[in-house]
Amino acid sequence: MIDPFGRTITYLRVSVTDRCDFRCVYCMAEDMTFLPKQDVLSLEELDRLCSAFVKRGLKKLRLTGGEPLVRRNIMTLIRSLSRHLDSGELRELTLTTNGSQLARYAQDLAACGVRRINVSMDSLDPAKFSAITRGRGRLDKVLAGLDAARAAGLKVKINAVAMKDFNDDEIDDLIAWCGGQGFDITFIETMPMGDIDGYRTDQYLPLTQVRERLEKTWTLTPSTLDTGGPSKYVDVAETGQRVGFITPMSNHFCDTCNRVRLTCTGTLFMCLGQEDAADLRGPLRQGESDEPLLAAIDAAIARKPRGHDFVIDHNNRPAVARHMSVTGG
Ligand code: SAM
Ligand code: SF4
């Protein structure tokens, strides 16, 4: 899969459900309306779709959401997809999770060939954690999930959204804590996606500022690691771990973009920050042959846009109307 700008697309992120047991302040509104169940693809259909991408040369598959581990029977899908790891066609099967169900699933994930996971955790303070998730999340459960992940041999990277006047005073603590646990950590700037009953301009904290500040406390050297993704990493001499920065607002990273995103209704977004999308559910449901589906994938890749242009809107309108939980973060 090669797009019009010569970028090889090897990475698919799939939002397997738009539902979640948390309501993080930057991600969802308190009273979210979720998709009617009948609009959501079955696990078998998601498997067929992902497998069509593997046929087209996909190397890395990430399940996300909403919260992927709250989708019923999700392990059936993961177990089935692991056949592509066994065949050597797929290099990596991974997921991004809020960690609430990890204690239950960590062993099964490892048994399916999952080697690394991203776990989102924005605060180490139980009260703040509860506030960020609007009272739905419990830090102790996530920490138990992280212990289970380590026990299962999964490599963990923590994702933390950096928010002004919320967790900006915890950034050093998070780095030190992750260092002690053997976890890398990536900080993410809030992106203006979907209506969230809040003020984006209040939340936005430019990571360029954070990085400058961190350089006064920690010895940071640019990492040689290049994931082909949006994260820029530094090695932290004091902890021996890496810290990444995802800066969609203050720094564009589109030139090396290698990914596309699929929603749980079978809509393919060729860019996180653009509205253009391709329907894959129609071709999928045309019949048993994968030909219409493969043709639709080829046509979609052929119109992947060059990049996005997020701006924090001072009238508080999201730059992209759909929530991150729909497209998958
Ligand atoms: N529920 C899972 C989780 O929280 O890890 C997976 C889905 S979540 C949408 C994926 C990632 O997107 C999380 O790390 C979350 O912090 C991030 N995210 C959600 N909304 C965001 C926003 N508006 N700006 C930046 N990051 C966001
Ligand atoms: Fe749920 Fe993840 Fe969004 Fe938080 S960031 S509300 S855990 S989907």
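**Helix packing and ligand environments**

In this predicted model, helix H4 (residues 102–111) packs with helix H6 (residues 139–151) at an angle of about 15°, and the two axes lie 8 Å apart. Because angles under 35 degrees count as roughly parallel, H4 and H6 are therefore roughly parallel to each other. The crossing in which H4 passes H6 is right-handed.

A second pair is formed by helix H1 (residues 43–55) and helix H2 (residues 74–81), which pack at an angle of about 30° with their axes 10 Å apart. This angle makes H1 roughly parallel to H2. H1 passes H2 in a crossing that is again described as right-handed.

Helix H7 (residues 171–181) and helix H9 (residues 207–217) form a further pair, in which the axes come within 11 Å and cross at roughly 60°. At that angle, H7 is oblique to H9. The handedness of the crossing between H7 and H9 is right-handed.

Attention turns next to the ligands. Ligand 1 is surrounded by 19 residues, of which Tyr26, Gly66, Glu67, Ser120 and Met191 come nearest. By class, this shell comprises six nonpolar, 10 polar and three charged residues. Backbone atoms of the protein approach ligand 1 at several positions. A backbone N or O atom of Tyr26 is placed 3.0 Å from a nitrogen atom of ligand 1. For Gly66, a backbone N or O atom likewise lies 3.0 Å from a nitrogen atom of the ligand. At Thr97, the partner on ligand 1 is an oxygen atom, which is 3.2 Å from a backbone N or O atom of the residue. Taken alone, ligand 1 exposes 540 Å², and the protein buries 96% of that area. The elements that contribute two or more residues to the shell around ligand 1 are strand E3 (92–97), strand E5 (155–162) and strand E6 (184–189).

The surroundings of ligand 2 consist of Cys20, Phe22, Arg23, Cys24, Tyr26, Cys27, Met28, Gly66 and Asn98. Divided by class, the shell around ligand 2 holds six nonpolar residues, two polar residues and one charged residue. Tyr26 and Gly66 belong to the residues around ligand 2, and Tyr26 and Gly66 are also among those that come nearest to ligand 1.

Notes: Residues are numbered from 1 along each chain as its sequence is written. Chains are lettered from A and ligands numbered from 1 in the order in which they are written. This is a predicted model: local features need pLDDT of at least 70, side-chain atom pairs count only at pLDDT 80 or more; totals for chains, interfaces and linings use all residues. Side-chain values use heavy atoms; hydrogens and water are left out. A residue is near a molecule or strand if one of its heavy atoms lies within 4 Å of it. A polar contact is a pair of N or O atoms within 3.5 Å; within protein, one must be able to donate a hydrogen and the other to accept it, and residues adjacent in sequence count only if both atoms are side-chain atoms. Accessible areas come from the Shrake-Rupley method with a 1.4 Å probe; for residues, only the protein chains shown count as cover. Helices (H or I, at least four residues) and strands (E, at least two) are DSSP runs, numbered from the N terminus. Ala, Val, Leu, Ile, Met, Phe, Trp, Tyr, Cys and Pro count as nonpolar, Asp, Glu, Lys and Arg as charged, and the others, Gly among them, as polar. Axes are lines fitted to C-alpha atoms, for helices over the stretch in contact, and angles run from 0 to 180 degrees between N-to-C directions. Angles under 35 degrees count as roughly parallel, over 145 as roughly antiparallel, 65 to 115 as roughly perpendicular and the rest as oblique. A crossing is left-handed if the near helix is turned anticlockwise from the far one by less than a right angle, and right-handed if clockwise.
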